[in-house]
Amino acid sequence: MVKEAKDSSVPTTHRCLIVGNYCHDVLIKDDVVIAESLGGAASFISAVLDGLSVSSDYISKVGPDFVYSVNHRQITSSSSKTTVFHAYFSTESTRQDRILKRVTACDPVTPSDLPNSKFDFGLAVGVGGEILPETLERMIEMCKVVFVDIQALIRVFDPVDGTVNLVHLNQTGFWPLLNRIGYLKASAEEAPFVDVEEARKWCCVVVTKGKDGCTVYSKDEELYIAPFPAYQVDPTGAGDSFLGGLVAGLVDGLAVPDAALLGNFFGSLTVGQIGLPKFDSRMVQKVKDEVLKRSLQHFGSHEKHEDEPKRLKPLDHEEFLAALSAAKVVPVYPIKECKWDLHSSPGALEQPACNGHRRLPLNPVCEEPIKSVDSKP
């Protein structure tokens, strides 16, 4: 049965705990820095949760060199710099040929960094290895339901040059915690490193498939959730926005299929913009109204049918799809190109900004397929 992340009574206040560092992302093509941006899954998730008025606490570490303004207070480390990722491309390369390197790494988030509080929902969304097994275990103890982005668990980094690779989840210290996680989110490229058929026995697994929507797997169910049409400009952060929408829907009492549809909705909005998405306020209000109406319509249905396995989407799921489609407004922002010579620049992150967050619609810095580490000796 698909897990429902809600109490049996109407919630008044739900609090979310988001754990994952902010980053500096640098995109490099043919030895030229062509874009820089605020990175880290927490930044994209906050754009969705803040827009939908979901109360959240953020535990995100940066160094004293952090150059961006964010809506939530970060922890500034006195002993390390901000995490920096460089993504390398060449004119002849394909998307799969991208080389992603973690150039610097900020301090990891430790259990002692977490607040001494209880939360309804926790999100472990690291990108640079900042989530430790003991930190995730502490989150599980603090939060009623924990969501995990698989990239927080399976990324490994070359000790010499920081090149990012993936390892199978069962080769990590996180594997024993799988049966205590509520939701595990993976992209289609990351899913082979999870063993979805095994993982779904213990938690709800959500596999995002870009323009093809997503699939929700639980022990006994497999639900396909339709996508929203989108003109892709920059896919960076789409998976993070999806996760934000999914969690926001569950916070407001939506059934899992409807919450996943809300995730697809915000993912489709994100790929149509450059860098961090800016959501039209009128659209956001329409979405909030639809979510509230839907949660009120279905309140109590879980108690009435609690003995029935929740295999199917709500009968009016398609109506919710139509309502969100009608609310969708995608603002258009101009694209300005910035180019700096990597070799002559003393520090790429000290260069002037373009469009506020310095990003071009080329390839995502953190969501491209990454080659796996050969587990054989």
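This report covers the main sheet, the helices that pack on it or on each other, and two loop residues of a predicted model.

**The sheet**

Eight strands make up an open sheet. Their order is β4-β1-β9-β10-β13-β14-β15-β16, and the pairing is mixed. The edges are held by β4 (56-59) and β16 (222-225). Each has a single partner strand, so one side of each lacks a neighbour in the sheet. On average, neighbouring strands are turned by 15° against each other, direction ignored.

**Strand β10 and its partners**

Strand β10 spans residues 143-149. Six of its seven residues are buried, so the rest of the structure largely encloses this strand. β10 pairs with β9 (residues 119-124) in the parallel sense, and with β13 (residues 183-187) in the parallel sense as well. β13 in turn pairs with β14 (residues 204-208), again in the parallel sense. The table lists these three pairings with their bridge counts and one pair of opposing residues for each.

| Strand pair | Sense | Bridges | Residue pair |
|---|---|---|---|
| β9 and β10 | parallel | five bridges | F119 and C143 |
| β10 and β13 | parallel | three bridges | D149 and K185 |
| β13 and β14 | parallel | five bridges | L184 and V205 |

How does the chain cross from β9 to β10? The path runs through helix α2 (residues 133-142). This β-α-β crossover is right-handed.

**Helices on the sheet**

The crossover helix α2 lies across β1, β9 and β10. Its direction is at about 145° to β10. Helix α1 (residues 41-51) lies across β1 (16-19), β4 and β9. Relative to edge strand β4, α1 runs at about 170°.

**Helix pairs**

Two packed helices are described by the angle between their axes and the distance between the axes.

α1 also packs against helix α5 (residues 238-251). The angle is about 40°, and the axes are 8 Å apart. An angle of about 40° makes α1 oblique to α5. The crossing is right-handed. On the α1 side, the contact residues are A41, F44, I45, V48 and L49. They meet D240, S241, L243, G244, G245 and A248 of α5.

Helix α7 (residues 281-298) packs against helix α9 (residues 317-327). Here the angle is about 165° and the axes are 9 Å apart. That makes α7 roughly antiparallel to α9, because angles over 145 degrees count as such. The crossing of α7 and α9 is right-handed. Helix α7 contributes M283, K286, V287, E290, V291 and R294 to the contact. Helix α9 contributes H317, F320, A323, L324 and A327.

**Two residues with positive phi**

Most residues other than glycine have a negative phi. Two aspartates here have a positive value.

D31 has a phi of about 65°. This residue sits in the loop between β2 (23-29) and β3 (32-39). Is D31 buried or exposed? D31 is partly exposed, with a relative accessible area of 40%.

D195 has a positive phi near 65°. Its loop lies between β13 and α4 (196-199). D195 is partly exposed, with a relative accessible area of 36%. The strand before this loop, β13, is the one that pairs with β10 and with β14.

Methods. Residues numbered from 1 in each chain as written. Predicted model: local features only at pLDDT ≥ 70, side-chain atom pairs only at ≥ 80, totals over all residues. Heavy atoms only, no water. Buried < 20%, exposed > 50% of the residue type's maximum accessible area, 1.4 Å probe, protein only. Helix = DSSP H or I, 4+ residues; strand = E, 2+ residues; numbered from the N terminus. Pairing = 2+ DSSP bridges. Right-handed = clockwise from strand over helix to strand, strands pointing away. Axes fitted to C-alpha atoms, helices over the stretch in contact; angles between N-to-C directions. Parallel < 35°, antiparallel > 145°, perpendicular 65-115°, else oblique. Left-handed = near helix turned anticlockwise from the far one by under 90°. Contact = heavy atoms within 4.5 Å.
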